[in-house]
Each structure stands twice: as structure tokens, then as C-alpha cells.
Amino acid sequence: MTIYLDHAASSPATRDVLDYYRDVSFRHAVNPSSNHQAGKDAQAALAAAKQTVLACFGASKATLITTSGGTEAINQALLAYETPRRFTPHLVISAGEHKAVSVVATHLEKQGRRVSVMPLNRAGAPDFSAFPLDPDHLPTCLSVILLSNETGAITDIEGLVAWRNKHCPDAVIHVDAVQAAGKMAIDFDAWGIDFLSVSGHKWGAPMGVGFLLAKSVTHLAPLIRGAGQQSGLRAGSENVPLVAATAYALQQATAQLPDNLANVTALKAKFLSLLAERNIEYRLISPAAAAPFIVTIAFPLMGETLARVLSDHGIFVGRGAACSGGKASQNSALTACGVDDLTVQRAVRISFGKTNTDKDMVALVDRIEATLAQFKTK
Amino acid sequence: MTEQQQDAHLPEMVLVRIGEITLKGLNRYKFEDQLIRNMRNRLQAFGKVRIHKDQSRILVEVPAGETTEAVMDALKDVFGVVSVSPLTLLAGDKDDLFAAVATAFDHLMADNKPRTFKVETRRVDKAFPMSSYEVSAHAGHLLSERFPMLTVDVKNPDVILHIEIRDRFHLYHDIIPGPRGLPVGMSGNGMLLLSGGIDSPVAGYQMASRGMTLESIYFHTYPYTGDEVLEKVRSLAKIMTRFTGDMMLHVVDFTKIQLEIQSQCPEDMLTIVMRRMMMRIAEKLAEKRRCKSLITGESLGQVASQTQEALICTDHVVSCPVFRPLIGIDKDDTVRISRRIGTFATSVLPYADCCTVFVAKHPKTHPSLQAADDAEKNLDIADLIDYGLEHITSERIRVHDMMISGETR
């Protein structure tokens, strides 16, 4: 038996979701853009699934663009948003963004776009109040991660929107909710944000589909051109069964949000109390206010080494941050919120999901204890 | 031409020049035979290949169905080879010769368009009715006529057409430099301490260039270093086989020894003790494998374990010679060689190896022998060496594997 504790990387689809996918595949084995009745039926199923997704994110007024995943959704929002002519484009991202955002920002910067980085506060969230505003170059687009994939830190979106409304009301807000979706409530319309990127496999859908929610598509150009599907915003035949299964899984996840949160909160508490009980030396990197789904933690051993040994024993956890030749990756959100290099190198990321149990926590702590006894470094 | 050889299908040839070997006096045939064996090793994938010795050069027949380029590519990295050229071999009389001469540059003029040229003729067959000078002059005239933009420059030409008049005519103009050096196999066997870094493959390359047959030893510290590092070392060894020929790779499971060093030795001496343990195990393995020396990629002062004092400490624990071909070489030059031989891109893949995982914050840079010996006083050295020798996995890295898997530089 293996114990999967890498739900932040991907949350496996259940048999129920896969059965649903298969059923829809048989039922609508046609192109939804076809004009015959079978095509129209598929299109109706697709539209219903999209409505479900919008409803789950409280986005009844938004436009939904289906993409190949979170990265494409983010690229669509950041690369293909055309700033209105009266403004000079100025993209502001936080120091804790995923590479899907930060690398796009670097790319834009190389092309001459003004790009700024908002620092993180001690709790690992974007600190917009500390961002120096230049009245001559107000931000035109803000991109923040809702739930940090590295620390679990949560961005105060309502606070950010209020700050935007006060200081730079013309800026659009893109929220990278890839890690958050399916784990916490998202209220797109009420929050007053402009774009939201999500990815299905993070909430238990099969891999290969993501969505960009847009309040308005007026200034959005297509990233992928072709036969004009999705109102010309994203060409390519739409995958009806995949989108339907993704909506189905999202509906389940949304219904289970409170239960799942309670379960995961208990798992995290159990895990930390077991570590304390056994007198295991550790340093919790995830901030206290972080979502309990992601526990980034350092033990007195290289994170890479610990993760490797756990993997050899069938326990799958994530690495805290990419390690390059012994040096911590420059882009790490951990470094951005003030964690020292050694701790970054020792970090592992343990991320819980609904399949995990207390027994898993005991097995995990047993194995960590044994590994430290055997391989702990000075 | 002493006799007319009307063979319409003379095979394409690759002309291989050998340099230093020709100075080897009475042993020369040994060097040549070894070089030819090494060439056959690189040409394994081509099936049976005919190779002829011809005074100070070697002629390789391009097998039917293969291209001259493929054969040259396989041979241009064999140590002992000074250069290779595609060779046109002709039978016939002087009319046949000049017909071939006139079209010799057709390909070249389409591709790189030289502007100046020269013809050099060697007449070995003194019965040929024209002198060398007359042949060159007439050939130059023909080529100038065919390509009016091409002018003769005898001092610094862009291209030289070589005509040799032997029992047959030899024509060539393209000379691709080889790695020079001595054929691998002529200088005994050595054990290379191979890590995943930039230096050790270059050190191995340098020793192989002087004719040494290499085996390599890598110390694996799983789980501190992952299997991806072992794969990286294998890839480096595979790239090296282009130059070294088939090579044994010995992988020592070093983790237990490393942990013992960690727990028993002072922190500032960890690297020195680790290096000393590696040298001891490498030497014992070298003895078993009939290798007479150890080879490392160390360069004076590059890191804490490569100061003169640190090297004295590591040398002290072995009695065989330790060759360090990079000892006085600047890192930039090592990188340049590494890029040229194709190991660089693999060497810089970002995986931690044992040298980066187990380093003290402030290692001792100028340890005394006494300090090194003292640092080891709690270790059961003989026992650890035995453990290391008992936990070695060996594999043969073959030139051929690289060709099959399509990995090239």
C-alpha cells in the first residue's frame, strides 16, 4: 500500500468521476461544434457543465474559457489581456507566484513591459499595503496566487480588491486559484475580481483541463487561434466528456468543502502532535494562518533526501523547493517570505486530500522518525 | 600508372593520418595495430570494415550502404588520429585524372564557396608522364576555367586540392582534424574517480589522449544523492567512450561509509576524510582490476579539498601514482575542453552530488597530515574499505550502446 501525500501536485480522480467521464464519452461521442442533432446534444451537455463550473465559483456573470490546464489559463489571462490604450501597461505580481505567472512576467518584462513584484508579508501572503505606488505608473494588472502552492498561505482577496479600488481602480485583478479551487470557497462575482485561473486535476478531475473565468472578454485576445470555437477566444474542438467530468468533480468537491476542511485540519493537527509526541526536531515553514492542505516543513535532513527515502517506502510527498546543485532555487516563495537557504533545502511539502486518514499520519511520522535516526546530517 | 586498373567501382575511402606514432621506431607497428583495433571498435556498428595500412597513413574502406561522413564521424575522435579526409580513389590514365580534377570542387563550390585555392601534387609513381609541377599547373588551369571566380593563392589558400600519384590516383581536399595523442591501450590501465562534475570527465579524456585505458569508479551516496545522479554519471561515461572506447564503470555504495565519517570525524575534516576513504577504496579496486594508477580531476586550489596540503593528505593514504592532469589548468580551459568533448551539458545538470551534499560550512583548507590522521582515529578503516569493496556494482559502458540509443554530442 502506498500513502499519497502530494495532493497539491495532483489530486487523483475517483472511480466515480472516471465512470462519469466514460459515460459521457459514450453518450456524446461527437464534436460539439457539429450542426447535427448529436452535436447539438453534446453542445448542450458542455454548456450545462460550464454553468455548473461557473456556479461553483459564484461567477454567474462571468465568461468561462476552457483551456488545457492552469498554465494555459494563466498565460491566456496575462499574455493575451490587452491593456486599454489610455493606460501604459504595468503588471504587478507577488513574490510568491507559481512559475506559470512569474515566468510569463519575466517574458513580458524582456519584451519591454513594466513589471513589478509585490513583496510577501511574514505570513507568506502578498503584502499590497507595502507596495510602493508610483502615481505616474499605476498598476494596470495585478496577479496574485490565492493559495500558495509552496506554503499554503492565503491571499486576502477582498482586502486586495479594496486596496485596488482605492489606489488603482483601473487595474484588473487576475487570481491564480489553481491550488485553491476545490479547497476553499471562491466567490468570483462578489469579490469583484477580473480573471480567475483554475485547473481540474487539483480537485480530482482527470488531467488535461483548466478554466479561465473572465468578468469581461472585451480586452482579451485569443492565445490559440483556429476554427473559432469558444467565441473565437480559444480555438480547438472542445472536450465534452472531460469538461463534464471536471464539472462533476468540482460539484462534489464544492459540496464537501466544509467536511474536507475539517478532515484536513484534523490531519494536520494529528501530524504535528505526533511529531511533538515523539520529540522530533522540525521547523514548520507554512505560516500559522495557512490553509491546512499544505504543510511545508523542514527536518534536520535535506528535503530531497527525506522525500526519496519516504518514496522508497511508498510514502509520496512533495519537495519544498527545487534544488539546484545544493542551492535553493532563486524563485522560491519560501525565500521570498524570509526563510533561510538551509531551511529551504530541508523543506518537504506534505499535502493532504480526502483519501488520507489518521493511520497515514502515524505511518508518515514513523517513517520520518526512522529516516532521521538513520540519515540525519550534522 | 604502371598498369591499367579498370575497376569501375573503386570503394569510397577515408584517409586517416597518424602523427606521433610514426616516430615510435621499432615499436611503431604495435601502436599502429592498437590504433586499428580501436578504429574497428568504433566502427562495430558498420559490420565488417576493410582497413589498409599504407606507410604513415591508414585507409578505411567505406562499407557499401554507408556514407563517408558516418565513417569519418566514427573515426575523428579516436586518439592517435591526426586528421581524416574523404578520399577519391581513381584508376586510369592522365585523362581520367584530369577529368576527376576538374569536377573535384563542384560540391565545395556549391556549399562553402572558397575564393582561393592551390593544388599540391606528390608523384610517387615516377613512371607517370608528367612532373608534379606540370600536374599542379594543369589542374589549376582546369579549375580556374571551370570556376572563374576562383583564384590561385599559393601562400594562404582557402582550400588545397591534394593529388597523389601512386598505383592509383588519390584526390582529397577536405581535412578534418582528429584528437591526436596516442592510441588508447598503449599506456596501461588507470582508474578514474568519476563524479558528476565538469572536471573528472576532462581528466579522463586527457589521460586517454596519452594512450591510457580507463576504468572509472563512482561513489554513490543514496539517498543523499538520487539515482538521477547515477544516471548522469552513466551518461558522462557513455559520452567519454567516444574517445576511450568501451569503459568499465564501478559504482560503490558509499552511504554507510559516509555516515560513519559524519558521525566519527570532526566537521571541518569531513571532506578530507571522505576523499581519503575514496582514494583507499579506489586503489584497492585498481589493484584488483590491474590498473596501475588513479586519476582525479583535481585542480590546485579550486576548492578546499584541492589545496596542496589537502592533496598531500589524500595522496598519503595510497601508494600508487595519482595522476591529476588538470592540476595546473584554469577552470575556463577545463570548461572549454568539456564543451568540446561534449560532456559539459551533462555535467552541469542540476543534481546535488556527494561533494555538494556533505560539505562543512568551514572546511579546513590547509590540514596537516597529523590532523588528517587524527581525524580518522575513530574509524575502523580496514573494515570500511572492505565494506566498500564488497558493495560495488560494475558495468561495461560500450561505445556501441551510445550509437544505438542515438545519443550524440
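**Exercise 1. Determine how many salt bridges the predicted model holds over all chains, and describe the pair A:E238 and A:K50.**

Solution. The count over all chains comes to 34 salt bridges, in a model that is predicted.

Step 1. One of the bridges joins the side chains of A:E238 and A:K50, with an N to O distance of 2.8 Å. The cut-off for a salt bridge is 4 Å between a side-chain nitrogen of Lys or Arg and a carboxyl oxygen of Asp or Glu, so this pair qualifies.

Step 2. A:K50 belongs to helix α2 (residues 37-56) of chain A, whereas A:E238 sits in the loop between β8 (210-214) and α7 (240-255) of chain A; the bridge therefore ties together parts that are 188 residues apart in sequence.

Step 3. As to accessibility, A:E238 and A:K50 are both buried.

**Exercise 2. Locate B:R324 and B:E298 in chain B and state whether each is buried or exposed.**

Solution. Step 1. The closest N and O atoms of B:R324 and B:E298 are 2.6 Å apart, and the two residues form a salt bridge.

Step 2. B:R324 is placed in the loop between β14 (322-323) and α11 (331-341) of chain B, and B:E298 in the loop between β13 (293-295) and α10 (308-315) of chain B. The pair, 26 residues apart, links distant parts of the chain.

Step 3. Buried means under 20% relative accessible area. B:R324 has 12% and is therefore buried; B:E298 has 1% and is likewise buried.

**Exercise 3. Describe the salt bridge of B:K76 and B:D73, and name the residues linked with B:R28 in a network.**

Solution. Step 1. The side chains of B:K76 and B:D73 meet at 3.3 Å, N to O. B:D73 has a relative accessible area of 35%, which makes this residue partly exposed.

Step 2. B:R28 is linked with B:E32, B:D33 and B:K53 in a network of salt bridges.

**Exercise 4. Characterise the surroundings of A:H28 and B:I160.**

Solution. Step 1. A:H28 lies in the loop between α1 (15-27) and α2 of chain A. With a relative accessible area of 13%, A:H28 is buried.

Step 2. Apart from neighbours within four places in sequence, A:H28 contacts A:D41, A:A42, A:A45 and A:V240.

Step 3. B:I160 is part of strand β7 (residues 159-165) of chain B. Its relative accessibility of 24% makes B:I160 partly exposed.

Step 4. With neighbours within four places in sequence set aside, the contacts of B:I160 are B:K118, B:E120, B:Y172 and B:H173. Between the C-alpha atoms of B:I160 and B:A375, which are 215 residues apart along the chain, the separation is 64 Å.

**Exercise 5. Assess the overall form of chain A from its radius of gyration, and summarise its surface and charges.**

Solution. Step 1. For 378 residues, a compact globule would have a radius of gyration near 21 Å; chain A has 21 Å, so the value agrees with that expectation. The C-alpha trace spans about 65 × 55 × 35 Å along its principal axes.

Step 2. Chain A contains 12 helices and 14 strands. Of its 378 residues, 55% count as buried.

Step 3. Among contacts in chain A between residues at least 6 apart in sequence, 72% join residues at least 24 apart.

Step 4. The chain exposes about 16100 Å², of which carbon and sulfur atoms supply 52%. There are 34 positive and 32 negative side chains in chain A, and the centres of the two sets lie 3 Å apart.

Notes:
Residues are numbered from 1 along each chain as its sequence is written. Chains are lettered from A and ligands numbered from 1 in the order in which they are written. This is a predicted model: local features need pLDDT of at least 70, side-chain atom pairs count only at pLDDT 80 or more; totals for chains, interfaces and linings use all residues. Side-chain values use heavy atoms; hydrogens and water are left out. Helices (H or I, at least four residues) and strands (E, at least two) are DSSP runs, numbered from the N terminus. The radius of gyration is taken over C-alpha atoms; the globule rule is 2.2 Å times the number of residues to the power 0.38. Buried means under 20% relative accessible area, exposed over 50%, partly exposed in between (1.4 Å probe, protein chains only). Contact means heavy atoms within 4.5 Å. Accessible areas come from the Shrake-Rupley method with a 1.4 Å probe; for residues, only the protein chains shown count as cover. Lys and Arg count as positive and Asp and Glu as negative; His and the chain ends are not counted. The place of a charge is taken as NZ of Lys, CZ of Arg, CG of Asp or CD of Glu.
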